[in-house]
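Reader: I am in my first year of study and would be grateful for a close look at one part of this structure. Could you please take me through it step by step and connect it to what surrounds it?

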Amino acid sequence: LKIWDGFGISPDGKTLYVRHDKGGMIAYDVTGEKAVEKYVAGLEQNAKDLCAASIIDDGETVYFTTSTGEVGAALPKDGSIVWRHKITHSMINTPVPVSKRAVVVTGVEGDVMLIEEKTKR
């Protein structure tokens, strides 16, 4: 996997999320002298994903997007995908959490969507 330019950090500053070029992210523990990979999470496989949007961790959910129109939510502890939505066929910008388990996303073509998680974890 090649590292791309979108990244994010956990609220406690202990985990760094870095976007990779296959539709997902890599989580690193950054509490020691060297970063240690915790897990890899992804929405697509073998896709060429060049999305530069930031990865957002609100403490309960990690939100990330792709250049092919998907937005996903993962658990911060292990990267398990909680949900994913295909919104468009173009890049999705940085997701913005608006409440616990709700996020607004915009696409580069003008799409705007509020996504609310209805299921209990």
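Author: Leucine 114 counts as partly exposed, because its relative accessibility is 48%, and partly exposed residues are those between 20% and 50%. The model in which this value was computed is a predicted one. Leucine 114 belongs to strand 11, which covers residues 112-116.

At the surface, Leu114 joins Val96 and Val98 in a nonpolar patch of about 260 Å². The strand that spans residues 96-99 is strand 9, and it runs antiparallel to strand 10, residues 102-106, with three bridges joining the two. Within this pair, serine 99 is placed opposite alanine 102 of strand 10. The two strands form a hairpin, and two residues lie between them. In that turn, arginine 101 has a positive phi of about 65 degrees.

From the surface we may now turn to the interior. The largest nonpolar core consists of ten residues: Tyr17, Met25, Ala27, Tyr39, Ala41, Leu43, Ile55, Val62, Phe64 and Ala74. At least two residues of this core come from each of strand 3 (24-29), strand 4 (36-42) and strand 6 (62-65). Another core, of nine residues, lies apart from it, and its members include Tyr63, Val71, Ala73 and Val105.

One member of the largest core, alanine 41, may serve as an example. Leaving aside residues up to four places away in sequence, alanine 41 touches His20, Gly24, Met25, Phe64, Gly79 and Ile81.

Notes: Residues are numbered from 1 along each chain as its sequence is written. This is a predicted model: local features need pLDDT of at least 70, side-chain atom pairs count only at pLDDT 80 or more; totals for chains, interfaces and linings use all residues. Side-chain values use heavy atoms; hydrogens and water are left out. Two strands pair if DSSP finds at least two bridges between them. Helices (H or I, at least four residues) and strands (E, at least two) are DSSP runs, numbered from the N terminus. A nonpolar core is a set of buried Ala, Val, Leu, Ile, Met, Phe, Trp, Tyr and Cys residues joined through side-chain atoms within 4.5 Å. Buried means under 20% relative accessible area, exposed over 50%, partly exposed in between (1.4 Å probe, protein chains only). Contact means heavy atoms within 4.5 Å. Patches are made of residues with over 30% relative accessible area and no salt bridge: like charges are joined within 9 Å, nonpolar side chains (Val, Leu, Ile, Met, Phe, Trp, Tyr) within 5 Å. Accessible areas come from the Shrake-Rupley method with a 1.4 Å probe; for residues, only the protein chains shown count as cover. A salt bridge is a side-chain nitrogen of Lys or Arg within 4 Å of a carboxyl oxygen of Asp or Glu.
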